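I opened this notebook to keep track of what I looked up, one entry at a time. Come along and check each entry against the picture.

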Amino acid sequence: MEIRRWLAGLAVVLVVGAGAVGCSARSSTAATIDVDAAVALADHPIEARVTGLLAREAVTVAARATDRTGQPWHAEATFEADGGGVVDLARSAPASGTYTGVDGMGLFWSMRPVTGDPERSWFSPGHPETKAAYDVRLTVTAAGREIAARTVTRQWIAPGVTHRALTAAADGVAGVLFLPPPGAERRPGVLVFGGSEGGISGRYDAALFASHGHPALALGYFSAPGLPDTLRDIPLEYFATAARLLRQQPGADRDAVVVNGASRGAEAALLLAQHFPDLVRGTILYSPNDTVSQGFPSGGDAWTIGGVPVPRSAIPVDRVTGPVLTIAGGDDRLWPAAEQARRIMDRLDGTAAYQSLIYPDAGHAVGSFPYLAGGTFADPWELGGTREADAAARIDSWPQVLAFAAAD
(Lines give C-alpha, C1' and ligand atoms only; values in the text may rest on other atoms or scores of the structure.)
Protein backbone atom coordinates (compact mmCIF):
# COMPACT_ATOMS: atom_id res chain seq x y z
CA MET A 1 0.00 0.00 0.00
CA GLU A 2 2.76 2.45 0.93
CA ILE A 3 4.67 1.57 -2.27
CA ARG A 4 1.54 2.27 -4.39
CA ARG A 5 1.07 5.66 -2.70
CA TRP A 6 4.74 6.51 -3.30
CA LEU A 7 4.54 5.53 -6.99
CA ALA A 8 1.35 7.56 -7.44
CA GLY A 9 3.01 10.59 -5.91
CA LEU A 10 6.02 10.15 -8.19
CA ALA A 11 3.72 9.98 -11.22
CA VAL A 12 2.12 13.27 -10.24
CA VAL A 13 5.52 14.91 -9.86
CA LEU A 14 6.64 13.63 -13.24
CA VAL A 15 3.49 14.83 -14.99
CA VAL A 16 3.73 18.28 -13.41
CA GLY A 17 7.45 18.47 -14.25
CA ALA A 18 6.85 17.46 -17.86
CA GLY A 19 4.21 20.12 -18.17
CA ALA A 20 6.60 22.74 -16.85
CA VAL A 21 9.29 21.79 -19.37
CA GLY A 22 6.79 21.88 -22.25
CA CYS A 23 5.59 25.38 -21.35
CA SER A 24 7.06 28.03 -23.71
CA ALA A 25 8.24 31.35 -22.33
CA ARG A 26 6.19 34.41 -23.10
CA SER A 27 7.11 36.03 -26.43
CA SER A 28 6.13 39.12 -28.39
CA THR A 29 3.37 38.93 -30.94
CA ALA A 30 4.33 42.12 -32.75
CA ALA A 31 7.31 44.47 -33.10
CA THR A 32 8.47 47.38 -35.23
CA ILE A 33 11.56 47.70 -37.43
CA ASP A 34 12.73 51.32 -37.52
CA VAL A 35 15.30 52.44 -40.12
CA ASP A 36 16.83 55.85 -40.63
CA ALA A 37 16.72 55.52 -44.43
CA ALA A 38 14.25 53.18 -46.11
CA VAL A 39 15.71 54.23 -49.49
CA ALA A 40 19.45 54.90 -49.72
CA LEU A 41 22.46 54.47 -51.98
CA ALA A 42 23.84 50.94 -51.94
CA ASP A 43 27.10 52.17 -50.39
CA HIS A 44 25.30 54.07 -47.61
CA PRO A 45 24.97 52.36 -44.21
CA ILE A 46 21.56 52.38 -42.61
CA GLU A 47 20.66 52.20 -38.94
CA ALA A 48 18.02 49.63 -38.02
CA ARG A 49 16.36 49.09 -34.64
CA VAL A 50 13.74 46.62 -33.51
CA THR A 51 11.38 48.00 -30.88
CA GLY A 52 8.31 46.71 -29.03
CA LEU A 53 9.95 43.51 -27.78
CA LEU A 54 9.89 42.08 -24.27
CA ALA A 55 12.84 42.84 -22.05
CA ARG A 56 15.68 40.34 -22.60
CA GLU A 57 13.70 38.51 -25.25
CA ALA A 58 15.63 36.44 -27.81
CA VAL A 59 14.70 37.22 -31.42
CA THR A 60 16.12 36.49 -34.85
CA VAL A 61 16.57 39.33 -37.32
CA ALA A 62 16.98 38.26 -40.94
CA ALA A 63 17.65 39.83 -44.33
CA ARG A 64 16.60 38.40 -47.69
CA ALA A 65 17.18 39.53 -51.28
CA THR A 66 17.04 37.99 -54.74
CA ASP A 67 19.85 38.18 -57.28
CA ARG A 68 19.53 38.67 -61.03
CA THR A 69 19.21 34.91 -61.64
CA GLY A 70 16.29 34.57 -59.22
CA GLN A 71 18.45 32.95 -56.54
CA PRO A 72 17.38 33.97 -53.00
CA TRP A 73 20.08 35.15 -50.59
CA HIS A 74 19.66 35.11 -46.85
CA ALA A 75 21.39 36.27 -43.65
CA GLU A 76 20.27 36.12 -40.05
CA ALA A 77 21.41 36.90 -36.52
CA THR A 78 19.95 36.14 -33.09
CA PHE A 79 19.92 38.92 -30.50
CA GLU A 80 18.77 39.47 -26.94
CA ALA A 81 16.68 42.60 -26.52
CA ASP A 82 17.81 45.11 -23.92
CA GLY A 83 15.85 46.00 -20.79
CA GLY A 84 13.62 48.29 -22.81
CA GLY A 85 12.75 45.63 -25.38
CA VAL A 86 15.00 47.09 -28.10
CA VAL A 87 17.56 45.53 -30.43
CA ASP A 88 19.81 48.14 -32.05
CA LEU A 89 21.76 46.43 -34.84
CA ALA A 90 24.44 49.14 -34.87
CA ARG A 91 25.16 48.65 -31.15
CA SER A 92 24.39 45.00 -30.45
CA ALA A 93 26.46 41.92 -31.20
CA PRO A 94 24.47 38.81 -32.14
CA ALA A 95 24.67 35.69 -30.01
CA SER A 96 24.81 33.68 -33.25
CA GLY A 97 24.26 34.16 -36.96
CA THR A 98 25.93 34.71 -40.31
CA TYR A 99 28.25 37.38 -38.88
CA THR A 100 29.87 38.15 -35.53
CA GLY A 101 30.54 41.30 -33.56
CA VAL A 102 28.80 44.66 -33.62
CA ASP A 103 28.06 45.53 -37.25
CA GLY A 104 24.99 47.49 -38.26
CA MET A 105 25.30 46.30 -41.86
CA GLY A 106 26.32 42.73 -41.09
CA LEU A 107 23.03 41.33 -42.37
CA PHE A 108 23.71 42.87 -45.79
CA TRP A 109 27.27 41.77 -46.59
CA SER A 110 26.92 38.36 -44.85
CA MET A 111 24.02 37.21 -47.00
CA ARG A 112 24.62 33.86 -48.64
CA PRO A 113 22.78 31.98 -51.38
CA VAL A 114 20.10 29.60 -50.22
CA THR A 115 21.75 26.96 -52.43
CA GLY A 116 25.41 26.83 -53.39
CA ASP A 117 28.73 27.57 -51.72
CA PRO A 118 28.85 31.15 -50.34
CA GLU A 119 32.64 31.19 -50.77
CA ARG A 120 32.15 30.76 -54.52
CA SER A 121 29.09 32.98 -54.89
CA TRP A 122 28.75 36.69 -55.58
CA PHE A 123 25.51 38.61 -55.16
CA SER A 124 24.65 40.44 -58.37
CA PRO A 125 21.28 42.22 -58.39
CA GLY A 126 21.60 43.09 -62.10
CA HIS A 127 23.31 45.78 -64.13
CA PRO A 128 22.67 49.17 -62.52
CA GLU A 129 21.71 50.80 -65.82
CA THR A 130 18.84 48.33 -66.20
CA LYS A 131 18.03 47.79 -62.52
CA ALA A 132 18.80 50.98 -60.63
CA ALA A 133 17.97 49.52 -57.19
CA TYR A 134 17.33 46.29 -55.34
CA ASP A 135 15.23 45.46 -52.29
CA VAL A 136 16.21 43.78 -49.04
CA ARG A 137 13.43 42.41 -46.84
CA LEU A 138 14.15 42.57 -43.11
CA THR A 139 12.18 40.34 -40.74
CA VAL A 140 12.03 39.68 -37.02
CA THR A 141 11.09 36.23 -35.66
CA ALA A 142 10.24 35.37 -32.06
CA ALA A 143 9.47 31.86 -30.85
CA GLY A 144 9.36 30.66 -34.45
CA ARG A 145 6.82 33.25 -35.59
CA GLU A 146 7.44 36.31 -37.78
CA ILE A 147 6.40 39.38 -35.81
CA ALA A 148 7.75 42.24 -37.98
CA ALA A 149 8.86 42.88 -41.56
CA ARG A 150 10.13 45.84 -43.52
CA THR A 151 11.65 46.34 -46.96
CA VAL A 152 14.56 48.70 -47.61
CA THR A 153 15.68 49.79 -51.07
CA ARG A 154 19.33 50.01 -52.04
CA GLN A 155 19.98 52.35 -54.98
CA TRP A 156 22.85 52.25 -57.44
CA ILE A 157 21.80 55.43 -59.18
CA ALA A 158 20.82 58.60 -57.30
CA PRO A 159 17.93 60.69 -58.63
CA GLY A 160 18.97 62.68 -61.69
CA VAL A 161 21.93 60.48 -62.65
CA THR A 162 21.84 59.45 -66.31
CA HIS A 163 23.64 56.76 -68.24
CA ARG A 164 24.28 55.62 -71.79
CA ALA A 165 26.11 52.79 -73.46
CA LEU A 166 29.24 53.53 -75.48
CA THR A 167 30.39 51.33 -78.35
CA ALA A 168 33.77 50.93 -79.96
CA ALA A 169 32.22 51.58 -83.38
CA ALA A 170 30.43 54.81 -82.47
CA ASP A 171 32.52 56.22 -79.60
CA GLY A 172 35.95 54.67 -80.00
CA VAL A 173 35.58 52.88 -76.65
CA ALA A 174 33.14 50.36 -75.17
CA GLY A 175 31.54 50.89 -71.80
CA VAL A 176 28.76 52.56 -69.84
CA LEU A 177 28.91 56.28 -69.09
CA PHE A 178 27.21 57.58 -65.93
CA LEU A 179 26.68 61.33 -65.47
CA PRO A 180 25.60 63.29 -62.37
CA PRO A 181 22.46 65.44 -62.53
CA PRO A 182 22.72 68.51 -64.79
CA GLY A 183 24.04 71.55 -62.97
CA ALA A 184 26.04 69.55 -60.43
CA GLU A 185 29.36 70.95 -59.24
CA ARG A 186 32.23 70.05 -61.58
CA ARG A 187 34.28 67.14 -60.30
CA PRO A 188 37.00 64.93 -61.74
CA GLY A 189 35.73 62.15 -63.95
CA VAL A 190 36.53 58.61 -62.79
CA LEU A 191 37.59 56.00 -65.33
CA VAL A 192 36.85 52.53 -63.93
CA PHE A 193 38.01 49.18 -65.30
CA GLY A 194 38.56 45.70 -63.97
CA GLY A 195 41.00 42.89 -64.61
CA SER A 196 41.20 39.48 -66.20
CA GLU A 197 37.44 38.89 -65.90
CA GLY A 198 37.08 41.06 -69.01
CA GLY A 199 33.84 42.53 -70.27
CA ILE A 200 32.51 45.82 -68.96
CA SER A 201 33.07 45.45 -65.27
CA GLY A 202 33.00 48.31 -62.81
CA ARG A 203 29.39 49.22 -63.57
CA TYR A 204 28.40 49.38 -59.91
CA ASP A 205 31.45 51.48 -59.02
CA ALA A 206 30.83 53.91 -61.88
CA ALA A 207 27.15 54.26 -60.99
CA LEU A 208 28.07 55.04 -57.38
CA PHE A 209 30.80 57.50 -58.37
CA ALA A 210 28.24 59.35 -60.51
CA SER A 211 25.78 59.27 -57.64
CA HIS A 212 28.46 61.02 -55.56
CA GLY A 213 28.89 63.70 -58.20
CA HIS A 214 31.62 62.34 -60.51
CA PRO A 215 31.12 61.68 -64.21
CA ALA A 216 32.21 58.05 -64.44
CA LEU A 217 32.90 55.57 -67.20
CA ALA A 218 32.87 51.80 -66.69
CA LEU A 219 35.28 50.81 -69.45
CA GLY A 220 35.70 47.48 -71.20
CA TYR A 221 38.99 46.71 -72.94
CA PHE A 222 38.62 43.08 -73.98
CA SER A 223 35.95 40.36 -74.17
CA ALA A 224 33.14 42.73 -75.13
CA PRO A 225 31.53 43.58 -78.49
CA GLY A 226 33.94 45.39 -80.79
CA LEU A 227 36.95 44.63 -78.56
CA PRO A 228 39.69 41.97 -78.60
CA ASP A 229 38.66 38.56 -77.31
CA THR A 230 41.56 38.30 -74.85
CA LEU A 231 43.85 40.49 -72.79
CA ARG A 232 46.57 40.71 -75.41
CA ASP A 233 48.11 43.62 -77.32
CA ILE A 234 45.75 46.16 -75.72
CA PRO A 235 46.88 49.68 -76.72
CA LEU A 236 47.35 52.09 -73.83
CA GLU A 237 46.11 54.73 -76.27
CA TYR A 238 42.68 53.11 -75.98
CA PHE A 239 42.54 54.08 -72.30
CA ALA A 240 43.78 57.57 -73.15
CA THR A 241 40.91 57.92 -75.64
CA ALA A 242 38.47 56.99 -72.88
CA ALA A 243 40.04 59.50 -70.48
CA ARG A 244 39.78 62.31 -73.04
CA LEU A 245 36.16 61.43 -73.77
CA LEU A 246 35.36 61.42 -70.06
CA ARG A 247 36.87 64.81 -69.28
CA GLN A 248 34.77 66.40 -72.02
CA GLN A 249 31.50 65.32 -70.40
CA PRO A 250 29.12 67.79 -68.74
CA GLY A 251 30.03 68.21 -65.11
CA ALA A 252 33.58 66.90 -65.57
CA ASP A 253 36.68 68.75 -64.49
CA ARG A 254 38.36 69.44 -67.84
CA ASP A 255 41.92 69.22 -66.49
CA ALA A 256 42.27 65.48 -65.90
CA VAL A 257 40.56 62.30 -64.68
CA VAL A 258 41.01 59.85 -61.84
CA VAL A 259 41.85 56.34 -63.04
CA ASN A 260 40.52 53.38 -61.02
CA GLY A 261 41.96 49.98 -61.98
CA ALA A 262 41.66 46.61 -60.26
CA SER A 263 43.92 43.55 -60.47
CA ARG A 264 45.28 43.35 -64.06
CA GLY A 265 43.49 46.64 -64.63
CA ALA A 266 45.75 48.19 -62.00
CA GLU A 267 48.67 47.52 -64.39
CA ALA A 268 46.91 49.50 -67.10
CA ALA A 269 46.00 52.28 -64.66
CA LEU A 270 49.58 52.74 -63.45
CA LEU A 271 50.92 52.55 -67.01
CA LEU A 272 48.40 55.20 -68.06
CA ALA A 273 49.56 57.50 -65.25
CA GLN A 274 53.15 56.94 -66.35
CA HIS A 275 52.69 57.44 -70.11
CA PHE A 276 49.90 60.04 -70.05
CA PRO A 277 50.52 62.16 -66.95
CA ASP A 278 48.69 65.12 -68.48
CA LEU A 279 45.48 63.06 -68.53
CA VAL A 280 45.65 61.45 -65.08
CA ARG A 281 44.87 63.52 -62.01
CA GLY A 282 45.03 60.59 -59.59
CA THR A 283 45.33 56.81 -59.67
CA ILE A 284 43.46 54.24 -57.56
CA LEU A 285 44.93 50.73 -57.62
CA TYR A 286 43.05 47.77 -56.15
CA SER A 287 45.05 44.56 -55.56
CA PRO A 288 47.83 45.97 -57.74
CA ASN A 289 50.68 44.41 -59.63
CA ASP A 290 53.87 46.47 -59.87
CA THR A 291 55.16 44.48 -62.84
CA VAL A 292 53.81 44.05 -66.37
CA SER A 293 52.57 40.49 -66.77
CA GLN A 294 51.98 38.48 -69.92
CA GLY A 295 48.72 38.45 -71.82
CA PHE A 296 45.76 36.49 -70.52
CA PRO A 297 44.84 33.70 -70.91
CA SER A 298 47.14 32.68 -73.77
CA GLY A 299 50.32 34.62 -73.06
CA GLY A 300 51.97 37.08 -75.42
CA ASP A 301 52.17 40.79 -74.61
CA ALA A 302 49.37 42.33 -72.61
CA TRP A 303 49.84 46.02 -73.51
CA THR A 304 51.29 48.14 -76.29
CA ILE A 305 52.25 51.81 -76.60
CA GLY A 306 52.81 53.35 -80.00
CA GLY A 307 52.32 49.89 -81.49
CA VAL A 308 55.26 48.50 -79.50
CA PRO A 309 54.80 45.94 -76.71
CA VAL A 310 55.19 47.30 -73.19
CA PRO A 311 58.15 45.41 -71.65
CA ARG A 312 57.35 42.73 -69.10
CA SER A 313 59.26 44.39 -66.31
CA ALA A 314 58.75 46.60 -63.29
CA ILE A 315 56.38 49.46 -64.09
CA PRO A 316 58.26 52.77 -63.96
CA VAL A 317 56.66 55.70 -62.13
CA ASP A 318 59.14 58.52 -62.78
CA ARG A 319 56.60 60.43 -64.93
CA VAL A 320 53.64 59.95 -62.59
CA THR A 321 52.59 63.38 -61.31
CA GLY A 322 49.23 62.83 -59.62
CA PRO A 323 48.71 61.11 -56.27
CA VAL A 324 48.39 57.32 -56.10
CA LEU A 325 46.22 55.29 -53.73
CA THR A 326 46.87 51.55 -53.42
CA ILE A 327 44.51 49.15 -51.65
CA ALA A 328 45.58 45.56 -51.03
CA GLY A 329 44.90 42.50 -48.90
CA GLY A 330 47.67 40.87 -46.90
CA ASP A 331 46.14 37.42 -47.53
CA ASP A 332 45.82 37.83 -51.31
CA ARG A 333 46.45 34.35 -52.75
CA LEU A 334 46.24 35.29 -56.40
CA TRP A 335 49.45 37.30 -56.13
CA PRO A 336 51.31 39.18 -53.36
CA ALA A 337 49.36 42.41 -53.80
CA ALA A 338 50.37 43.91 -50.45
CA GLU A 339 54.08 43.54 -51.19
CA GLN A 340 53.58 44.82 -54.74
CA ALA A 341 51.72 47.85 -53.36
CA ARG A 342 54.65 48.56 -51.04
CA ARG A 343 57.08 48.38 -53.94
CA ILE A 344 54.97 50.89 -55.90
CA MET A 345 55.03 53.21 -52.90
CA ASP A 346 58.81 52.85 -52.61
CA ARG A 347 59.25 53.83 -56.26
CA LEU A 348 56.94 56.80 -55.86
CA ASP A 349 58.80 58.11 -52.83
CA GLY A 350 60.05 61.57 -53.77
CA THR A 351 58.18 61.46 -57.10
CA ALA A 352 54.46 61.75 -56.36
CA ALA A 353 52.12 61.78 -53.38
CA TYR A 354 50.88 58.37 -52.35
CA GLN A 355 48.80 56.53 -49.80
CA SER A 356 48.60 52.80 -49.17
CA LEU A 357 45.82 50.89 -47.42
CA ILE A 358 46.85 47.35 -46.50
CA TYR A 359 44.33 45.02 -44.83
CA PRO A 360 46.24 42.04 -43.40
CA ASP A 361 43.37 39.51 -43.38
CA ALA A 362 41.71 40.54 -46.67
CA GLY A 363 42.27 38.84 -50.00
CA HIS A 364 42.25 39.75 -53.68
CA ALA A 365 38.60 40.87 -53.34
CA VAL A 366 39.63 43.67 -50.99
CA GLY A 367 37.67 46.31 -52.96
CA SER A 368 35.71 48.31 -53.72
CA PHE A 369 32.34 49.60 -52.41
CA PRO A 370 30.88 47.95 -49.29
CA TYR A 371 27.82 45.97 -48.18
CA LEU A 372 27.38 43.63 -51.16
CA ALA A 373 27.84 39.93 -50.40
CA GLY A 374 30.75 38.18 -52.10
CA GLY A 375 32.92 35.09 -51.84
CA THR A 376 36.61 34.30 -51.65
CA PHE A 377 36.89 32.25 -54.83
CA ALA A 378 36.53 33.27 -58.46
CA ASP A 379 36.74 29.80 -59.94
CA PRO A 380 39.22 28.42 -60.62
CA TRP A 381 41.18 30.90 -58.50
CA GLU A 382 41.37 31.12 -54.74
CA LEU A 383 41.36 34.82 -53.89
CA GLY A 384 42.32 34.50 -50.23
CA GLY A 385 41.02 36.43 -47.26
CA THR A 386 37.67 35.85 -45.60
CA ARG A 387 34.24 37.23 -46.32
CA GLU A 388 34.39 39.12 -43.01
CA ALA A 389 37.84 40.61 -43.62
CA ASP A 390 37.04 41.62 -47.19
CA ALA A 391 33.80 43.26 -46.04
CA ALA A 392 35.61 45.17 -43.29
CA ALA A 393 38.25 46.36 -45.77
CA ARG A 394 35.61 47.70 -48.16
CA ILE A 395 33.76 49.45 -45.35
CA ASP A 396 36.95 51.17 -44.23
CA SER A 397 38.47 51.99 -47.62
CA TRP A 398 35.47 53.18 -49.66
CA PRO A 399 35.03 56.56 -47.88
CA GLN A 400 38.75 57.15 -48.38
CA VAL A 401 38.41 56.31 -52.08
CA LEU A 402 35.58 58.83 -52.44
CA ALA A 403 37.63 61.48 -50.63
CA PHE A 404 40.64 60.73 -52.85
CA ALA A 405 38.56 61.10 -56.03
CA ALA A 406 37.13 64.42 -54.85
CA ALA A 407 40.40 65.94 -53.60
CA ASP A 408 41.74 69.05 -55.31
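**Entry 1: two cis bonds.** I started at Pro-380, which sits in the loop between β22 and β23 (381-382). This is a predicted model, and in it the peptide bond joining Asp-379 and Pro-380 is cis, with omega at about 10°. I then found that Gly-367 and Ser-368 are also joined by a cis peptide bond, where omega is about 15°. Ser-368 belongs to the loop between β21 and β22 (377-378). I noted these because most peptide bonds are trans.

**Entry 2: positive phi.** I stayed in the loop between β21 and β22, where Tyr-371 lies. Phi of Tyr-371 is near 80°, a positive value in a residue other than glycine. Is Tyr-371 buried or exposed? Its relative accessibility is 11%, so Tyr-371 counts as buried. Next I looked up Ser-263, in the loop between β16 and α6. Ser-263 is not a glycine either, yet its phi is positive, at about 60°. With 11% relative accessibility, Ser-263 counts as buried, since the cut-off is under 20%. A glycine came up too: Gly-350, just after α7, has a positive phi of about 85°.

**Entry 3: the whole chain.** I stepped back for an overview. I counted eight helices and 23 strands in the chain. Its C-alpha atoms fill a box of roughly 110 × 45 × 40 Å along the principal axes. Of the 408 residues, 53% count as buried. Among contacts with a separation of 6 or more, 68% are between residues 24 or more positions apart.

**Entry 4: the cores.** Which residues have the most contacts inside the largest nonpolar core? I found Trp-156, Phe-239 and Trp-303, in a core of 122 residues. Helix α5 (residues 236-247) supplies the largest share of this core, eight residues. I followed Phe-239 further: leaving aside neighbours within four places in sequence, its contacts include Leu-191, Phe-193, Leu-219 and Tyr-221. Trp-303 is also in contact with Phe-239. There is a second, separate core of five residues, including Trp-335, Ala-337, Ala-338 and Ala-341.

**Entry 5: helix α5.** I went back to the helix that holds Phe-239. α5 has twelve residues and reaches 17 Å from its first C-alpha to its last, close to the 16 Å expected. How many residues of α5 are buried? Nine of its twelve are, and the helix is mostly covered. Among the buried ones I listed Leu-236, Tyr-238, Phe-239, Ala-240 and Arg-247.

**Entry 6: helix α7.** I compared the span of α7 (residues 337-348) with the expected value: its twelve residues reach 16 Å, close to the 16 Å expected at 1.5 Å a residue. The buried residues of α7 are Ala-337, Ala-338, Gln-340, Ala-341, Ile-344, Met-345 and Leu-348. They cover an arc of only 165° around the axis, so they lie on the same side of α7. I looked for what covers them and found, among others, α6 (264-275), β17 (280-286), β20 (324-329) and β21 (354-359).

**Entry 7: the largest pocket.** I turned to empty space next. The largest pocket holds about 1400 Å³. I found 44 residues lining it, with Trp-122, Gly-194, Gly-195, Glu-197 and Ser-201 nearest its centre. β13 (187-193), α4 (203-211) and β16 (252-262) each give two or more residues to the lining. Which element gives the most? That is α4, with three residues.

**Entry 8: two single residues.** I ended with a pair of residues. Ser-397 is found in helix α8 (residues 387-406). Its relative accessible area is 0%, so Ser-397 is buried. Not counting residues up to four places away in sequence, Ser-397 touches Ile-327, Leu-357, Tyr-359 and Ser-368. Ser-368 is a residue I had already met, at a cis peptide bond.

Arg-164 lies in strand β11 (residues 162-166). With a relative accessible area of 40%, Arg-164 is partly exposed. Leaving aside neighbours within four places in sequence, I found Arg-164 in contact with Asp-171, Gly-175, Val-176 and Leu-177. I also looked up Arg-164 against Ala-328: they are 164 residues apart in sequence and 31 Å apart in space, C-alpha to C-alpha.

How values were computed
Residues numbered from 1 in each chain as written. Predicted model: local features only at pLDDT ≥ 70, side-chain atom pairs only at ≥ 80, totals over all residues. Heavy atoms only, no water. Helix = DSSP H or I, 4+ residues; strand = E, 2+ residues; numbered from the N terminus. Expected span 1.5 Å × (residues − 1). Buried < 20%, exposed > 50% of the residue type's maximum accessible area, 1.4 Å probe, protein only. Arc of directions from axis to C-beta. Contact = heavy atoms within 4.5 Å. Core = buried A, V, L, I, M, F, W, Y, C linked by side-chain atoms within 4.5 Å. 1 Å grid on protein atoms, 1.4 Å probe; cavity = no way out; pocket = protein on both sides within 12 Å on 5 of 7 lines; lining within 4 Å. Points joined across faces, edges and corners; volume = space filled by probe spheres on them.
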